[in-house]
Amino acid sequence: MQTDEEPSFRDSVDLMVNRAMRLMDLSPGLEQKIRVCNSTYIVRFGVRLRGKIETFTGYRSVHSEHMEPVKGGIRYALSVNQDEVEALAALMTYKCALVETPFGGSKGGLCIDPRAWEEHELEQITRRFAYELIKRNLIHPAQNVPAPDMGTGEREMAWIADQYTRMNTTDINSRACVTGKPPHAGGIQGRVEATGRGVQYALRVFFRYPEDTAKAGLSGGLEGKRVIVQGLGNVGYHAAKFLSEEDGCIITAVIERDGALHDDRGLCIEDIRQWMVKRGSIKGYPSAAYTEDGSALLEAACDILIPAALEGVIHMGNAPRIKAPLIIEAANGPITFGADEILREKGVVIIPDMYANAGGVTVSYFEWVKNLSHIRFGRMQRRAEEARSLLLVEELERLSADKGLGWTLTEDFKDRFLTGSDELALVRSGLDDTMRTAYQAMRAVWHGRDDVNDLRTAAYIVSIDRVAKAYRSKGL
Ligand code: NAD
C-alpha cells in the first residue's frame with residue numbers, strides 16, 4: 001500500500017520534471033509554461049441503459065500544444081480522475097518529444113468498469129463520449145488524436161472513428177481522428193502489439209551496451225534473463241510473449257489483478273493468456289503455482305521487472321524491498337517519485353516510462369501519417385524493390401555461369417533478399433529505428449553529464465529541451 005506521504009501521480013510527474021529542470025538553464029516563466037497542464041475538459045453525460053439513465057464522467061486533458069495535433073490514449077477504468085488524466089497527458093508531452101513524434105501531449109479517460117457492460121452498451125457509451133469530445137474539437141485529425149489505453153482497444157477506436165465520420169461527412173481525413181483502429185477500419189499493421197514490441201526493442205538496445213547493463217550489475221544479452229511481469233493486458237502480454245519467444249527470456253512470474261502465477265523454470269505466456277481470455281482470471285491455471293497476494297511478487301528476485309499494469313505500484317512502502325536490478329516501466333508511472341529516489345539510491349537502473357512504452361505512440365504516428373496520405377506503406381515500392389533485387393540475383397547467377405565460377409546463392413538468402421518490405425516490416429523497422437535513436441539521445445546525457453546519473457532524468461532533459469525549443473520558436 002502507498003503511504004500518506006506519497007505525492008499524487010500528477011505531483012510525482014511534476015517532481016520528476018522539476019528534478020530535471022534544476023539541471024537545465026530555462027527561465028522560470030518557460031519552466032512554468034512547460035510544466036502546467038493547458039486545459040482539462042470534464043463531461044458528465046447520460047445514456048439510457050437497461051431501462052434507466054446512467055450518468056458517466058469523462059475527461060480529456062491537453063497538457064501542451066507546442067505541437068498540434070495533441071495525442072494521447074483514452075482509458076476506461078473506475079479509478080480515472082482529473083489528477084491521473086493530467087499526469088498521463090504530461091507524460092505524453094515528454095514521450096512524444098523524446099521519440100520525435102510531432103505531437104503535443106493529451107490524455108482522456110472515462111470512469112467506467114468496462115467489464116460491467118455488454119458490447120452493445122459499451123458502443124453506446126463510447127459513441128456518446130466521443131460525440132461530446134468531437135463537438136469540442138477534442139477529437140480531430142488536426143487538433144487532438146486519441147488512441148487506446150488501459151481498458152480500451154481497436155474496437156473502441158473503430159467506434160470513435162465511425163462516430164467522427166458520421167459527424168464530419170465531408171472531412172476526407174476523418175480516419176486520422178484516432179489511431180489504434182483495426183486494419184480493416186483504417187488501422188495499421190503492427191499497432192496492437194506496438195507498445196509491447198517497443199518494450200522488447202528498448203531492452204534489446206539497452207543490452208547492446210555492456211557499460212549500461214553493468215550499471216545494473218548484469219552482463220551478457222537477454223537470453224536466460226529471469227523476468228517478472230505485472231499485468232498481462234495489451235502491453236504486458238505482448239512484451240512478455242516476445243521476450244520469451246524471441247529473446248530467450250524466462251518469465252518466472254506473472255502478476256495480475258487477482259493474484260500471481262509463478263514458476264522458476266519459466267511460464268508459457270501464450271497459454272496463460274488463452275486461459276485468461278476464456279475465464280477472465282488467472283485463477284485455476286493448472287501449470288504454475290498461484291499466489292493470492294500478487295503484488296508481493298514485485299519484490300521477488302529476478303533480473304528484469306516489468307510493471308505493465310498501472311501507476312503507483314512501486315511506492316515508498318515496497319521500494320526498499322525490490323530486488324530487481326533493472327526495471328523497465330512498460331506502464332505509465334508505475335514508480336512513484338519517492339520510490340524512484342529510493343531505487344536510485346540502491347543503484348537500480350530504471351528504463352523510464354516515457355521511453356519504454358513509446359512504441360504505441362510511435363506506431364500511432366505511422367498510422368496517422370498513413371491515414372493522411374491515404375495509402376498503405378510499401379504499396380508503391382514493394383514490387384519495384386523486389387524487381388531490382390531479382391535483377392541483381394539474376395546477374396550474379398549469369399556471371400557465375402558465364403565465368404564458370406560455380407557460385408550459388410542459398411535459397412534462404414534468395415527468399416529473404418527477394419522479398420520486398422510490406423507494411424508490417426516497415427512499421428517494425430520504423431519502430432526499431434525510433435527506439436534506438438531515442439535511446440542514443442538519453443544515453444548521451446546519462447553518460448555525458450556528471451550531474452545526471454539516471455536514465456529518467458536524462459530522458460526528461462532531452463524532451464524538456466525539445467519542448468522548450470518548440471515554444472521559443474513560437475515566440476514564447
Ligand atoms: P490493458 O487494460 O490491456 O491491460 C492492463 C492489465 O493489467 C489487465 O490485464 C489487468 O487485469 C491488469 N491489472 C489491472 N490492475 C492490476 C493490478 N492491480 N495488479 C496487476 N495487474 C493488474 O492495458 P494496457 O493497454 O496494457 O495498459 C497498461 C499500461 O500501459 C497502462 O499504464 C497504460 O497507460 C500503459 N500504456 C499502454 C499503451 C497501449 O498502447 N495500450 C501505450 C503506452 C502505455
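**Close-ups of two sheets and a ligand site**

**View 1. Five strands make up an open sheet with mixed pairing, running β1-β2-β4-β3-β5.** Here a strand is a DSSP run of E at least two residues long, a helix is a run of H or I with at least four residues, and both are numbered from the N terminus. Two strands count as paired once DSSP finds at least two bridges between them. At the edges sit β1 (39-49) and β5 (144-148), each pairing on one side only. From one strand to the next, the twist averages 25 degrees; axes for such angles are lines fitted to C-alpha atoms (for helices, over the stretch in contact), and the angles run from 0 to 180 degrees between N-to-C directions.

A word on what you're looking at: this is a predicted model, where local features need pLDDT of at least 70 and side-chain atom pairs count only at pLDDT 80 or more, while totals for chains, interfaces and linings use all residues. Residues are numbered from 1 along each chain as its sequence is written, and side-chain values use heavy atoms, with hydrogens and water left out.

**View 2. Zooming in on the β1 and β2 hairpin, we find an antiparallel pair held over 11 bridges.** Strand β2 covers residues 52-64. Two of the bridge partnerships are worth picking out: V43 goes with G58 in β2, and T40 goes with S61 in β2. The hairpin has two residues between its strands, and R50 takes a positive phi there, near 50 degrees.

**View 3. Two backbone oddities turn up in loops, one at P69 and one at N137.** The peptide bond joining E68 and P69 is cis, with omega at about 5 degrees. P69 itself belongs to the loop between β2 and β3 (70-77). N137 has a positive phi near 60 degrees despite not being a glycine, and its loop is the one between α4 (119-134) and β5. For background, most residues other than glycine have a negative phi, and most peptide bonds are trans.

**View 4. A second open sheet has seven strands, ordered β9-β8-β7-β6-β10-β11-β12, again with mixed pairing.** Its edges are β9 (289-291) and β12 (349-351); each has a single partner strand, so one side of each is left without a neighbour in the sheet. The twist averages 20 degrees from one strand to the next. Strand β8 (residues 259-262) pairs with β9 in the antiparallel sense over three bridges, and A260 has T291 of β9 as its bridge partner.

**View 5. Around the ligand there are 23 residues, with R75, D149, T195, E256 and N332 coming nearest.** A residue joins this shell if one of its heavy atoms lies within 4 Å of the ligand. Domain 1 (9-190 + 460-473) and domain 2 (217-347) both contribute residues, so the ligand lies between them; the bounds come from an automatic or database domain assignment. Both α8 (234-247) and β7 (250-256) supply at least two shell residues.

**View 6. Closer still, polar side-chain atoms of R75, T195 and R257 meet ligand oxygens.** The distances to a ligand oxygen atom are 2.9 Å for R75, 2.8 Å for T195 and 3.0 Å for R257; a polar contact here is a pair of N or O atoms within 3.5 Å. Taken alone, the ligand exposes 840 Å², and the protein buries 85% of that (accessible areas by the Shrake-Rupley method, 1.4 Å probe).

Terms used:
A polar contact is a pair of N or O atoms within 3.5 Å; within protein, one must be able to donate a hydrogen and the other to accept it, and residues adjacent in sequence count only if both atoms are side-chain atoms.
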